[in-house]
Amino acid sequence: MILILAVSLALAPVQIPQNFLLSEKTARTPLEGIEKDEVWWKISDKTNAPLLVNPCGRKGAPTADRSAARTITHETSAPSYAAEQLVIYRNAKAAKAAMTKLLADARRCATDSSGKPYSWNGDGKTRWVVSRTRLANEAALTHLMMYDKLNKEWSPLTSGLVARKGRALMLYTGDQDSLGYPQKRAVKTLRGKAAKMTAKVCALPGVC
């Protein structure tokens, strides 16, 4: 009986409660004054949304293996960018497969000689740097780097962290204006957010 109940919970569709994501309460708070013209929040529950870390630029994602998803993006006129995403899959196997596919994409689409769409003049080049890190069941740090011809060095455009816990993928990403300088601080910020959601997501029935 206990085994049947556990299996039923593991296969049951999951709904993400309102204000469950770390930035969600702030994102839903109406903006006032000058912020209305300089700060933009977007919240989407589309289950076909591509993962925030998207090395091959996929336009969408299959929904058959997904139970629920929520994506929150935050942009400012500074400009700065940050985003948070939670995707719940039908089972842990599907979530693990999605993680494996993301890492494979990072290898397959690791470099872009044109740098588009990040290089406005089309004369830069970008590369993805991905490394495994210890968090949840599995996790990886990601950095989208652009080559700075003037200083002859690679500089981070965005950094991100994707973690899997049970049948959930949690993704956090942003530029250094939103995550902080230097890059070590940005990584610490990402790890802190992902660790909080890793603990929180297990409150959803059947996820962990």
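A disulfide is a covalent bond between the sulfur atoms of two cysteines, and for this search I counted a pair of cysteine sulfur atoms within 2.5 Å as one.

Entry one, the count. I am working with a predicted model, and I began by asking how many disulfides the structure holds. I found two disulfides. When I numbered the bonded cysteines of the chain in sequence order, I read the pairing as 1-2, 3-4.

Entry two, Cys56 and Cys109. I looked up this pair and noted that a disulfide joins Cys56 to Cys109, with 2.0 Å from S to S. Where do the two cysteines lie? I placed Cys56 in the loop between strand E1 (39-44) and strand E2 (66-76), and Cys109 in the loop between helix H4 (92-108) and strand E4 (111-112), so the pair ties together parts that are 53 residues apart in sequence. I then turned to the geometry of the link, which is right-handed, with 100° about the S-S bond. For Cys56 I also noted a relative accessible area of 22%, which makes this residue partly exposed, because buried would need a value under 20%.

Entry three, Cys202 and Cys208. I looked up the other pair and found that the sulfur atoms of Cys202 and Cys208 are 2.0 Å apart and form a disulfide. Is this disulfide left-handed or right-handed? I wrote down left-handed, because the torsion about the S-S bond of Cys202 and Cys208 is about -85°. I checked the accessibility of both residues as well: Cys202 is partly exposed, with a relative accessible area of 34%, while Cys208, with 52%, counts as exposed because its value is over 50%.

Notes: Residues numbered from 1 in each chain as written. Predicted model: local features only at pLDDT ≥ 70, side-chain atom pairs only at ≥ 80, totals over all residues. Heavy atoms only, no water. Helix = DSSP H or I, 4+ residues; strand = E, 2+ residues; numbered from the N terminus. Buried < 20%, exposed > 50% of the residue type's maximum accessible area, 1.4 Å probe, protein only.
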